[in-house]
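Visitor: I should like to examine how the labels attached to this structure are justified. May we proceed label by label, setting each value against its criterion?

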Amino acid sequence: MIGQLALRNLTYRPWRSMLLFFGFGIGVAVMIVLLSIGEAMLSQARNEKLVGGGSVTVLPEGLDVEVMKTGGIGGLFFSIDHASFLYRQLFASPRFAKEVSAVAPQIEGRVLYARAPDGKEYPVSASGEIPSATRAVGAAPEIITGTWENDDGDRRWIAPTMAELRHEIDHFHIPSDSVADRETWAEWHYFNVVADGGKRWAFISFIVGGDVTSAKWGGQLGITLREQGGATRRFAATVDRSRVRFSTTDANLVFGDSHVTILPDGDYEVVASAREGSGGGTIRINLRVHPAPYAYFPGVSMGSGGFVSGYTVPGLRASASGTLCVDGSCEQLTDAQSYHDHNWGVWRGVSWDWGASRAGQYTFLYGRVYPPDTTVSVPPVLVYLIDSLGFRAVFRPKLISYEDGRTVRVGATVLRVPSRASFSDVRGDDTLRVELSIEDAIATRTENGRAHPFFIQMKGTAHISGYIEGTPLTGMGTGFFETYR
């Protein structure tokens, strides 16, 4: 009976029947394909070697896992920025030694171009791994012949010496062809050091300025010596480019008789001498600056439309020992609070908010740059927090609240400057609040082409509070801060 009904329906409505059979066939085929894909994915999930070994795979943000598996064109240009920093300070750091037993950086299927002797270029698919790390996560290939061991480049990537690390992040740069206003290009080593029980400090800047791709550039050594609530003395020395040595492969810098040199243990030798602009006074500094282990910011460089601004902090928390001699009278410093950063870019029309401070066992850095294009919206603040084991957290407050309760005089101008400042942020379950109490401030008129031409340098006390991973966050310490008015 059922067969007879089916036959009569087929003869009565042949096209509808064919359509139903066709749809049913497609549905079965799709189900078979889906079951096959699920089986393959389950097999891959169970086979660690198919996903790079280990038990957790970290991928670039925004990368589709299916794109990675199939090698689609959408995965060609993904990468993990500052991968070596993440390896050293996060995945393979002492902080997570109990949770993470091995980490292996890997690049799979990257398109490169090989150039033959006849000049022709051929696309090739390349992969990169560090042999010892890949073996540690159980993903090493079978070696048929020869050996597969780390070379010196692998060692520097995973465990550079302190001197190698300084050269890696603290070297100088050459502006690219896209950079506009090259005559405003400047790059400098900056140090500060606190003396006399926190009542006196020095700002030291070794500045290479001008278009370094031409003959129109030179060196400027600037040292500002400040007594809290008292006098400010400024010393300077102009150095002809023939007596300046800088490098794009190392951090050493020579300014005539002054210099910044990386010592074999990674400390900085800072020797500087300059003369006061008025009064004929002299200053000579001979310091050994020791950055604390893990206490560095790897650096960022941003830019668009010819604008470039780069910044790295090799010595976010550092100590300095040596001599500070003013007018022939010398003060001996031993483990004095110090700091070192490095800036590069074009600076016409540029201003910023910036600060770095100790806060008990923590040290933090905050900042944002306002590019010359005044139509750009106000960027959020970047706050970078470390402790004795290095990187701890990043926060992005939207604004800094200033209370302009102090006044300073710049020539005939009386200027209101901050007496307090604060900012805060919540990221998931983590919170941070920073409160700054300004103890001293000086102002300098600049020609930055903006509505706020006064550069404000401040010294004060920072207090932090909040929670990270459920642990209370608290601390106080001395720091230096900058803004514009």
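Visitor: Which residues form one aromatic cluster?

Guide: In this predicted model, the cluster consists of Tyr 190, Trp 201, Phe 203, Tyr 339, Trp 354 and Phe 480. The structure holds 22 aromatic pairs.

Visitor: What makes Tyr 190 and Phe 203 an aromatic pair, and why is the pair called tilted?

Guide: Their ring centres are 6.2 Å apart, and the criterion asks for centres within 6.5 Å, so the two rings pair. The planes meet at 35 degrees; under 30 degrees would count as stacked and over 60 as edge-to-face, therefore the pair is tilted. Tyr 190 belongs to strand E3 (residues 185-195) and Phe 203 to strand E4 (residues 200-210), 13 residues apart, and the pair links distant parts of the chain. Both Tyr 190 and Phe 203 are buried.

Visitor: How do you know that the pair of Phe 455 and Tyr 484 is tilted?

Guide: The angle between the planes is 40 degrees, with the centres 5.3 Å apart. That angle is neither under 30 nor over 60 degrees, so the pair is tilted. Phe 455 lies in strand E24 (residues 454-468) and Tyr 484 in strand E25 (residues 471-484), so parts that are 29 residues apart in sequence are tied together. Phe 455 and Tyr 484 are both buried.

Visitor: What makes Arg 156 and Asp 152 a salt bridge?

Guide: The closest N and O atoms of the two residues are 2.5 Å apart; the limit is 4 Å, so the pair qualifies. Both residues lie in helix H6 (residues 152-158), 4 residues apart, about one turn of the helix. The structure holds 24 salt bridges.

Visitor: Why is Arg 156 called partly exposed?

Guide: Its relative accessibility is 38%. Buried requires a value under 20% and exposed a value over 50%, so Arg 156 falls in between. Asp 152, at 41%, is partly exposed by the same reasoning.

Visitor: How do you know that Arg 233 and Asp 327 meet in a salt bridge?

Guide: The distance from N to O is 3.1 Å, which is within 4 Å, so the criterion is met. Arg 233 is in strand E6 (residues 232-239), while Asp 327 is in the loop between strand E13 (307-326) and strand E14 (329-346), so the pair ties together parts that are 94 residues apart in sequence. Arg 233 has a relative accessible area of 22% and is partly exposed; Asp 327, at 43%, is also partly exposed.

Visitor: Why is Thr 363 counted as buried?

Guide: The relative accessibility of Thr 363 is 2%, and buried means under 20%, so the label follows. Thr 363 is placed in strand E16 (residues 362-370).

Visitor: What makes the approach of Thr 363 to Arg 317 a polar contact?

Guide: The two side chains come to 2.8 Å, and the limit for such a pair of N or O atoms is 3.5 Å, so the contact qualifies. Besides Arg 317, Thr 363 touches other residues, including Leu 316, Tyr 384 and Ile 386.

Visitor: What places Arg 485 over the face of Tyr 402?

Guide: Arg 485 is at 4.7 Å from the ring centre, and the distance limit is 6 Å, so that part of the criterion is satisfied.

Terms used: Residues numbered from 1 in each chain as written. Predicted model: local features only at pLDDT ≥ 70, side-chain atom pairs only at ≥ 80, totals over all residues. Heavy atoms only, no water. Salt bridge = Lys/Arg side-chain N within 4 Å of Asp/Glu carboxyl O. Helix = DSSP H or I, 4+ residues; strand = E, 2+ residues; numbered from the N terminus. Buried < 20%, exposed > 50% of the residue type's maximum accessible area, 1.4 Å probe, protein only. Polar contact = N/O pair within 3.5 Å; in protein donor to acceptor, adjacent residues only side chain to side chain. Contact = heavy atoms within 4.5 Å. Phe/Tyr/Trp six-rings, centres within 6.5 Å; stacked < 30°, edge-to-face > 60°. Lys NZ or Arg CZ within 6 Å of the ring centre and 35° of its normal. Lists of a residue's contacts leave out its neighbours within four places in sequence.
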